[in-house]
2 protein chains.
Amino acid sequence: MNEQSFFTATDDAPTDGDTETRRSADSSERAYNTIRKLLVEFKLKPEERINEVQLAKTFGVSRTPIREALNRLASEGFVSLTPNRGFFVRSLSTEGLIDLYELRSIIECAAFRLMCERAEDDQIERLRLYWSAIVDGYREQPADTILAEDEGFHLLIAELSGNPELINQLAAINARIRFIRRIQIEHRSHDLSQVASHSAIVDAAIARDAEGGMRLLRQHIELTVSATQQALKDALLKVYSPPVADTKRARRRAV
Amino acid sequence: MNEQSFFTATDDAPTDGDTETRRSADSSERAYNTIRKLLVEFKLKPEERINEVQLAKTFGVSRTPIREALNRLASEGFVSLTPNRGFFVRSLSTEGLIDLYELRSIIECAAFRLMCERAEDDQIERLRLYWSAIVDGYREQPADTILAEDEGFHLLIAELSGNPELINQLAAINARIRFIRRIQIEHRSHDLSQVASHSAIVDAAIARDAEGGMRLLRQHIELTVSATQQALKDALLKVYSPPVADTKRARRRAV
DNA sequence: TGTCAAGAAAGTGTCGACACTATTGCGTTC
DNA sequence: GAACGCAATAGTGTCGACACTTTCTTGACA
């Protein structure tokens, strides 16, 4: 990891002499968000051991809030904790990614079915409006916007299912695959089908066609998996290649 | 909360004189397990504010491991965190319980389907053996054993699905509803159907009848929901009514 | 008697320190 | 030259302290 500045130079250097104590009371929260970002962007590399002292120094805080953040991230599956050895970045292998997408597919299909069974017509209308409001400019948006809109669409379905647990689940899953999705969206490999399937899903919702909608969703997600696998490989390559000096070959020779 | 002993007198009193420093290096872990138990057994009551100092004193540790445990529990939905006011016990309303069971049903059905599609015959055989090994004495077991065996059965299905994420999800859900399930098992209101449906589920697995098995699972779980709702009400009643004789005076006397 | 404000008390958020554990590097022995 | 063990180093786990915030108490005032 490169230990440059993480905070944008604004709020941790007590430049002004008098207010220097700067009790923010949310170091943990900020550490959590920042570390999660580092993880999700592969700034902290898979399998890497996380050095609390170094992170704390970089953030300009003590180890306490760092550890609180890491504990939360451990519960959420981003990192793992080995006693007396510390926290490690949990790698998201291609395999693990598929498992996550499968879970996502399961949750979303269930949410869709429940929505069909339970939602009022005007709620379905909300879904239609949400999508129709963004469908036009969809492809011209920057990747971040597309990602947010896409997540919003699926989260709205979860919301209309009437089961808040589903929203939580989906949000947690999204957080774990967001970076990959963004890379994949940047590739723009399948925009067309994406737009089309969202529209089709809305249609199915209006028709209260649970089975049909679930089939669409499953296809929709499965379709992205393969594209995403490629994206993950690219991302990992980018992460591991810069030090071109091949670790693997060297190691293998050594053995 | 009654501030008697939480650890079962075994492993925190340094009874043997010389090793008194007792560097265990797992205070956090133990605190996590113990607090979770307190939560799950309603020893810490819904909506109640969690006093870190008091917990720390009771456990005989500092606040640090307590806070680490609480942060993890916050990620898992057991408690919530309000800045500068601390951690609060998240209440599990009847409604929330239904949502959780619904989620459980979703995960389990999906796991069953995947198992039918992917598991080798000898893995299915493992499931059959697991169940046949416990089915005989099932009803005579104490509630804890029944609960563990039941959870084991469903977790095994998740395992045979081949998707580790499903195992994690199910384990997390189980942890949140365990206490209620135990109460409900103690009521022994539906043992018969329980045993029968597990056997039927095994049969469906052997026949690779995904749809049939899922239907059974859904019924199986839905059936427990209503029984469980009653159990929850009883539990909440038990939690809220005894205090009649004000806790505060009692606590003060105890100190 | 009820309301409100000031002070006291209780409680959280973060820090720096230190004990303990794992890892690394070095010198010794074969 | 390689394996081994020991010392030095780096890093984690926990603690007690203290600044700040919230909550409770008390007493003045209407």
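## A guided tour of two chains and two DNA strands

Begin by selecting Asn84(B): a backbone N or O atom of this residue lies 3.2 Å from a phosphate oxygen of DNA strand C. The model is predicted, and for that reason local features are given only at pLDDT of at least 70 and side-chain atom pairs only at pLDDT 80 or more, while totals for chains, interfaces and linings use all residues. Residues are numbered from 1 along each chain as its sequence is written, chains are lettered from A and ligands numbered from 1 in the order in which they are written, and side-chain values use heavy atoms, with hydrogens and water left out.

**Stop 1: DNA strand C**

Keep strand C in view and add Asn51(B), which has a polar side-chain atom 2.7 Å from a phosphate oxygen of this strand. Next, select Glu52(B); here a polar backbone atom is 3.5 Å from a phosphate oxygen of DNA strand C.

Now display the whole surrounding surface. DNA strand C has 25 residues around it, of which Ser27(A), Ser62(A), Arg85(A), Arg63(B) and Arg67(B) are the closest. A residue is counted as near a strand if one of its heavy atoms lies within 4 Å of it. Which parts of the strand do the protein chains approach? Of the strand C atoms within 4 Å of the protein, 75% belong to sugar or phosphate, and the rest belong to bases.

Colour the helices next. Helices (H or I, at least four residues) are DSSP runs, numbered from the N terminus, as are strands (E, at least two). Helix 1 (27-40) and helix 3 of chain A, together with helix 2 (52-59) and helix 3 (63-75) of chain B, each supply at least two residues of the surface near DNA strand C. The largest share, 3 residues, comes from helix 3 of chain A. By class, this surface holds 5 nonpolar, 9 polar and 11 charged residues. In this division, Ala, Val, Leu, Ile, Met, Phe, Trp, Tyr, Cys and Pro are nonpolar, Asp, Glu, Lys and Arg are charged, and the others, Gly among them, are polar.

**Stop 2: Ser27(A)**

Select Ser27(A), one of the closest residues to DNA strand C. Ser27(A) is placed in helix 1 of chain A. Is this residue buried or partly exposed? Ser27(A) counts as partly exposed because its relative accessibility is 23%; buried means under 20% relative accessible area, exposed over 50%, and partly exposed in between (1.4 Å probe, protein chains only).

Leaving aside neighbours within four places in sequence, Ser27(A) is in contact (heavy atoms within 4.5 Å) with Val61(A) and Pro65(A). Add Ala69(A) as well: the two residues are 42 residues apart along the chain, and their C-alpha atoms are separated by 9.2 Å.

**Stop 3: DNA strand D**

Move to DNA strand D, which has 26 residues around it; Arg63(A), Arg67(A), Ser27(B), Ser62(B) and Arg85(B) come nearest. Sugar and phosphate make up 73% of the strand D atoms that come within 4 Å of the protein.

Select Asn51(A), where an N or O atom of the side chain is 2.9 Å from a phosphate oxygen of DNA strand D. On chain B, select Asp26(B), which places a polar backbone atom 3.0 Å from a phosphate oxygen of DNA strand D. The largest share of the surface near DNA strand D, 3 residues, comes from helix 3 of chain B.

**Stop 4: where chain A touches chain B**

Hide the DNA and show both chains. In this interface, 25 residues of chain A are in contact with 24 residues of chain B. How many salt bridges are counted between chain A and chain B? The count is 6, a salt bridge being a side-chain nitrogen of Lys or Arg within 4 Å of a carboxyl oxygen of Asp or Glu. Select Glu102(B) and Arg118(A), which form a salt bridge with their closest N and O atoms 2.3 Å apart.

On the side of chain A that touches chain B, helix 3 (63-75), helix 4 (94-118) and helix 7 (164-187) of chain A each supply at least two residues. Helix 4 of chain A gives the largest share, 9 residues. This side has 9 nonpolar, 6 polar and 10 charged residues.

**Stop 5: a loop in chain B**

Finish at Phe42(B), in the loop between helix 1 and helix 2 of chain B. Phe42(B) has a positive phi of about 60° although it is not a glycine. Because its relative accessibility is 10%, Phe42(B) counts as buried.

Notes: Polar contact = N/O pair within 3.5 Å; in protein donor to acceptor, adjacent residues only side chain to side chain.
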